[in-house]
Structures are given as C-alpha cells and as structure tokens.
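Please open the structure and keep the sequence beside it while you read. We will go through it one step at a time.

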Amino acid sequence: MIDWARIKQLRDEVGASEFDEVVNIFLDEVQEVIGRLRTDTHRVSFDQNLHFLKGSALSLGFQSLAKLCQDGERHSAQGNSKSVDLDSIVQVFEESAAEFKSDLGKIS
C-alpha cells in the first residue's frame with residue numbers, strides 16, 4: 001500500500017525539518033481534490049483531478065492510491081468516468097493515510 005523507500009527518499013531530499021510540512025500539504029491537497037471529485041457530479045474534470053491525485057500519491061509513496069487514480073484517469077479520459085469507483089479511491093486514501101501516520105515513526 002505504501003512505498004516506504006520512497007518516503008525515506010523524500011524525507012532525505014527535503015530534510016527532516018521540512019518533511020512534516022510536505023506531508024501536511026499533501027494530506028490537505030488530497031482532501032481538497034477528493035472534495036472536488038465528490039462535487040463533480042457530471043464528472044467533467046474527473047480525469048484532471050485523478051491525474052493530480054495520482055502524481056501526489058506517487059510523490060509520497062501511496063502506491064495503491066496512485067494505481068487506482070491511474071486506472072480512473074484512464075477510464076475518465078476514454079469517456080468512462082461513471083465507471084470510476086470514487087468510494088474505493090477515498091477508502092484506499094483513508095487506509096493509506098492511517099497506515100502512513102501509524103508507521104511513519106518506524107522508518108529509519
């Protein structure tokens with residue numbers, strides 16, 4: 001679900017002091033985009049929002065979320081946005097965020 005090597009790499013790149021801020025920005029932005037996806041009832045901008053989520057998820061090592069967003073982005077770009085299971089995307093984000101918060105202190 002989480003690529004811990006990617007998280008360690010990111011923490012090393014930005015520094016431990018900036019890492020918490022990067023994480024908080026990521027979590028806030030994901031919540032904001034999920035809100036946009038939920039209100040986009042006609043799914044007009046679905047592929048763009050899923051693309052953003054995919055990139056954000058990859059940068060922070062949320063592999064399962066990135067995969068779901070990639071699949072959803074592809075379906076949306078092909079005109080099949082109604083087939084995207086937004087509830088699954090939200091659930092995987094919430095599970096990934098919980099695992100991330102729970103296990104972050106365990107990485108060296």
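Let us begin with Phe 26. In this predicted model, Phe 26 has a relative accessibility of 6%. Residues under 20% count as buried, so Phe 26 is a buried residue.

Which ring does Phe 26 pair with in an edge-to-face way? The partner is Phe 62: the two ring centres are 5.0 Å apart, and the planes make an angle of 65°. Planes over 60 degrees apart count as edge-to-face, which is why the pair gets that name. Try finding both residues in the sequence as well. Phe 26 belongs to helix α2, while Phe 62 sits in the loop between α3 (46–59) and α4 (63–77). With their positions 36 residues apart, the pair links distant parts of the chain.

Now stay with Phe 62. Its relative accessibility is 0%, so Phe 62 counts as buried too. The ring of Phe 62 also pairs with that of Phe 100, and here the centres are 5.6 Å apart. The planes of these two rings stand at 45°, so this pair is called tilted. Once again distant parts of the chain are linked, since Phe 62 is in the loop between α3 and α4 and Phe 100 is in helix α5, 38 residues apart. Both partners, Phe 62 and Phe 100, are buried. The structure has 3 aromatic pairs, and ring pairs join Trp 4, Phe 26, Phe 62 and Phe 100 into a cluster.

Next, look at the helices that carry some of these rings. Helix α2 covers residues 16–39 and helix α5 covers residues 86–103. The two pack at an angle of about 165°, and their axes are 11 Å apart. Such an angle makes α2 roughly antiparallel to α5, because angles over 145 degrees count that way. The crossing in which α2 passes α5 is left-handed. Which residues make the contact? On the α2 side they include Phe 19, Val 23, Phe 26, Leu 27 and Val 30, and on the α5 side they include Val 90, Phe 93, Ala 97 and Phe 100. Sorted by class, the contact of α2 with α5 has 12 nonpolar, 1 polar and 2 charged residues.

Val 23 is a good one to visit in this contact. It is found in helix α2, and with a relative accessible area of 7% Val 23 is buried. Leaving aside neighbours within four places in sequence, Val 23 is in contact with Leu 60 and Phe 100. Phe 100 is also part of the ring cluster. You can find Arg 11 from here too: Val 23 and Arg 11 are 12 residues apart along the chain, and their C-alpha atoms are separated by 9.7 Å.

Helix α2 packs with α3 as well. The angle between α2 and α3 is about 160°, and the axes are 10 Å apart. That makes α2 roughly antiparallel to α3, and the crossing of these two helices is left-handed. Among the residues that meet here are Phe 26, Val 30 and Ile 34 from α2, and Phe 46, Leu 50 and Leu 53 from α3. The contact of α2 with α3 divides into 10 nonpolar, 2 polar and 2 charged residues.

One of the α3 residues in this contact is Asn 49. Is Asn 49 buried or exposed? At 10% relative accessibility, Asn 49 counts as buried. Apart from neighbours within four places in sequence, Asn 49 is in contact with Val 33, Arg 36 and Leu 37, and these three residues are among those α2 brings to the meeting with α3.

Between these two helices lies a loop, and Arg 43 is in it. Arg 43 has a relative accessible area of 18%, so it is buried. Its phi is near 55°, a positive value in a residue other than glycine. Most residues other than glycine have a negative phi, which is why a positive one is worth a look.

For a last stop, return to helix α5 and find Val 92. At 14% relative accessibility, Val 92 counts as buried. Leaving aside neighbours within four places in sequence, Val 92 is in contact with Ser 64, Leu 65 and Leu 68. Val 92 and Ser 64 are 28 residues apart in sequence, and their C-alpha atoms are 7.0 Å apart in space.

Note on methods. Residues numbered from 1 in each chain as written. Predicted model: local features only at pLDDT ≥ 70, side-chain atom pairs only at ≥ 80, totals over all residues. Heavy atoms only, no water. Axes fitted to C-alpha atoms, helices over the stretch in contact; angles between N-to-C directions. Helix = DSSP H or I, 4+ residues; strand = E, 2+ residues; numbered from the N terminus. Parallel < 35°, antiparallel > 145°, perpendicular 65-115°, else oblique. Left-handed = near helix turned anticlockwise from the far one by under 90°. Contact = heavy atoms within 4.5 Å. Nonpolar A, V, L, I, M, F, W, Y, C, P; charged D, E, K, R; others polar. Phe/Tyr/Trp six-rings, centres within 6.5 Å; stacked < 30°, edge-to-face > 60°. Buried < 20%, exposed > 50% of the residue type's maximum accessible area, 1.4 Å probe, protein only.
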